[in-house]
Amino acid sequence: AQVIGALDALTGLAEVAEQHHYVRPRMTNEQSVQIASGRHPVIERMMKAGEPYVANDITLNREQAQILMITGPNMAGKSALLRQTALISLMAQMGGFVPAASATLGVLDRIFTRVGASDNISSGESTFMVEMNETAAILNNLTDRSLVLLDEIGRGTSTYDGISIAWAIAEYLHEHPSKAKTLFATHYHELNEMTETFDRIKNYNVSVKELKDNVLFLRTLVKGGSHHSFGIHVAKMAGMPPQVLHRAQQILKQLEKSHSSDELTAKVKDLDGEMQLSFFNLDDPMLEALKTDIEAIDIDTLTPVEALMKLNEIKRMLTKKKRA
């Protein structure tokens, strides 16, 4: 039965590769990912007859292009791009052919993903808490052979909270010694400013063509950041009432006037870019003990209640020090 099962799996891989024009990936010991004209193996089979799949190139390495910051509107194909990169990498690792014109991949030890949104009602965890738990697990287990795929980090909370968290996570990934290869899809166009400060972050966007009263999704990954999300256009395509769309346009214009993204990113750049907490550098035995205590915390197993209790304990210690 085991032999028949193995034979069935191998012939299945061979048959799908032959039918759908997959290619043999080149596996190397270099820590990079180079995919030419990559396709999503499931989405391309679900498309209507005669409708071409828009293939895209991905280049990731630890020297120049460690983090690709991918912006673009809803429905443009950002999540599909992340998923197809993960699937191509996984298929190559397991010895299969891959849906691409060519692929050269370094051996990976983990593929970390934070894609999609869901809550955990049984544990009392919100969508945002689930997102933060999963992201924390990724950040605490990075290696130099990891591939990290992050989709819309920070969207489960308020706008400025979300931007702050997403920015800090991208900065952490860039400064981490592992230099893990990362695809970071986001709606926060403010993150496009990071490429000016961090040399291994590159901006890309999934392009669209803006028509008079509509938007055409081209689904092509191109260099440079996007500055529009076209959320109202997507709402129109979904059949939202005209009154709602008109009012949304009015509110959007007002918000764009009162909350300048340039002002926000300018303030972030003025901050000290150190990822470590500065007070830990002070020569103080109590703070050194506090640092050791925090480092010993296992974030992956910590419940929200335990986290609050631990935070309260730390606060009491710092308050006692301040009074002293």
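# Exercises on the strands of a predicted model

All 5 of the 5 residues of strand β8 (residues 181-185) are buried, so this strand is largely enclosed by the rest of the structure. Here buried means under 20% relative accessible area, with exposed over 50% and partly exposed in between (1.4 Å probe, protein chains only). This is a predicted model, in which local features need pLDDT of at least 70 and side-chain atom pairs count only at pLDDT 80 or more, while totals for chains, interfaces and linings use all residues. Residues are numbered from 1 along each chain as its sequence is written, and side-chain values use heavy atoms, with hydrogens and water left out.

**Exercise 1.** Determine which way the side chains of β8 point.

Solution. Start from the rule that in a regular strand the side chains alternate between the two faces of the sheet. In β8, Lys181, Leu183 and Ala185 point one way, whereas Thr182 and Phe184 point the other way, and all of them are buried. Strands are DSSP runs (E, at least two residues; helices are H or I, at least four), numbered from the N terminus.

**Exercise 2.** Find the strands that pair with β8, and the residues that stand opposite its own.

Solution. Recall first that two strands pair if DSSP finds at least two bridges between them. On this basis β7 and β8 pair in the parallel sense over 5 bridges, with Val148 as partner of Thr182 and Leu150 opposite Phe184. Next, strand β4 (residues 67-71) runs parallel to β8 and is joined to it by 4 bridges, and here Ile67 stands opposite Thr182.

**Exercise 3.** Describe the surroundings of β7 and follow the chain from there to β8.

Solution. Strand β7 (residues 146-151) is mostly covered, since 6 of its 6 residues are buried. Ser146, Val148 and Leu150 point one way from β7, while Leu147, Leu149 and Asp151 point the other way. Strand β6 (residues 110-114) runs parallel to β7 with 5 bridges between them, and Ile111 has Leu147 as its bridge partner. From β7 the chain crosses through helix α5 (residues 159-175) to β8, in a β-α-β crossover that is right-handed, a term for a path that, with the strands pointing away from the viewer, runs clockwise from the first strand over the helix to the second.

**Exercise 4.** Work out which strands stand at the edges of the open sheet of 4 strands.

Solution. The order of this sheet is β1-β5-β2-β3, with mixed pairing. β1 (26-28) and β3 (56-61) stand at the edges with a single partner strand each, so one side of each is left without a neighbour in the sheet. For β3, the antiparallel strand β2 (residues 32-38) is joined to it by 5 bridges, and Gly38 has Asn56 as its bridge partner.
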